[in-house]
Amino acid sequence: MIAEGRFTPPEAWQLLKIVRWLDAGGSGDLERLNFSHQASFGLLARLHADALRCRKTCSRSTCVYHMARQRAQEADFVVINHALLVQTSGEERDTIPKSIIVDEAHHLAEAARSASRRDFSEEALKEILASVVRAVQAAAGKELRSQLTRGSHEALLAWQAILNELTRLSAPARSNRLVLTATERRGSAWQRVQRLATDFEARVQLVVGLGRGIQLKLTRDERVIWQEAEQQAETFLEQWGVFVTGSEERLQWLDFKEDYLSKKPMVELFDVARDIREQLKPLFSRQHGVLLTSATLITGGTFSYIK
């Protein structure tokens, strides 16, 4: 990221802190650093271990993420939060011991629903588009590189137009939340959002299509990177399409707020699973034993609800 040079002065200070910390033997767990949330939001979206760039720059012997997972696999006792427990329990390779104690277990369902949330942030979209461009730009000629850059920029502008249109929607009185029901989607305001969404989707497909044309020039290893980038873009578009049209299997809403620094109106998109059984099922079906403990597991005098 330092070599690319795409960072702001506040992010530069954060990068200096990270480099100095890693040089002194830091674990790579960024939550152990004292970060300003506002200054580092965009930075962390580009540095986290889920980023596609990790496939190019890391090896299992040097990647702090894989090293942390390896330590967890070798440990006799692991303490993690609910979110990580839900995330890892569904993976083919167990990262956590087979016997589990879930403390404050009345929060487990909420953690499972949060884990099902789809990320429609602008930072997520920027990273996906950047991954598509990076995957093929080395094999692209000057003109194609220009088209890829311009196409990505136009896709981001189209996305920002959608967000601007969403901020014009109004939440119910005395609320900052608008639940996206079938009735809401039939309104004229949502029809404008749908038209902008169609334009946005076409622009992302154009960028991906350009990449498909270049992939034939890639090496075998480079093609694997491209296929992952392409899959991320297609998944984003598929999930975004579900958000626009609605689904009985998803809970979708908008939260209206002000930007912390500029005080301009902004909107945050939420899309989570209605039924969380699939998120929780692996936790109880693949382990030797699961013990739920909490002071508030009883509802209405019985354990029926939690069971």
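**View 1. Arg 185, a buried side chain without a salt bridge in this predicted model.** Arg 185 is buried yet forms no salt bridge, and the nearest side chain of opposite charge, that of Asp 271, is 6.7 Å away, whereas a salt bridge would require a side-chain nitrogen of Lys or Arg within 4 Å of a carboxyl oxygen of Asp or Glu. The side chain of Arg 185 instead makes a polar contact of 2.8 Å with the side chain of Gln 252.

**View 2. The surroundings of Arg 185 in helix 9.** Helix 9 spans residues 182-185 and includes Arg 185. Apart from neighbours within four places in sequence, the residues in contact with Arg 185 include Leu 180, Trp 190, Phe 243 and Gln 252.

**View 3. The open sheet formed by three strands.** The strands are arranged in the order 2-3-4 with antiparallel pairing, and the edge positions are taken by strand 2 (177-179) and strand 4 (265-273), each of which pairs on one side only. Neighbouring strands of this sheet are turned against each other by 20 degrees on average, direction ignored. Strand 2 is joined to strand 3 by three bridges, with Val 179 having Trp 253 in strand 3 as its bridge partner.

**View 4. The hairpin of strand 3 and strand 4.** Strand 3 (residues 250-258) pairs with strand 4 in the antiparallel sense over nine bridges; among the paired residues, Gln 252 stands opposite Asp 271, and Asp 255 has Glu 268 as its bridge partner. Six residues lie between the two strands of the hairpin, and in this turn Lys 263 has a positive phi of about 65 degrees.

Terms used. Residues numbered from 1 in each chain as written. Predicted model: local features only at pLDDT ≥ 70, side-chain atom pairs only at ≥ 80, totals over all residues. Heavy atoms only, no water. Pairing = 2+ DSSP bridges. Helix = DSSP H or I, 4+ residues; strand = E, 2+ residues; numbered from the N terminus. Axes fitted to C-alpha atoms, helices over the stretch in contact; angles between N-to-C directions. Buried < 20%, exposed > 50% of the residue type's maximum accessible area, 1.4 Å probe, protein only. Lys, Arg positive; Asp, Glu negative; His and termini not counted. Polar contact = N/O pair within 3.5 Å; in protein donor to acceptor, adjacent residues only side chain to side chain. Contact = heavy atoms within 4.5 Å.
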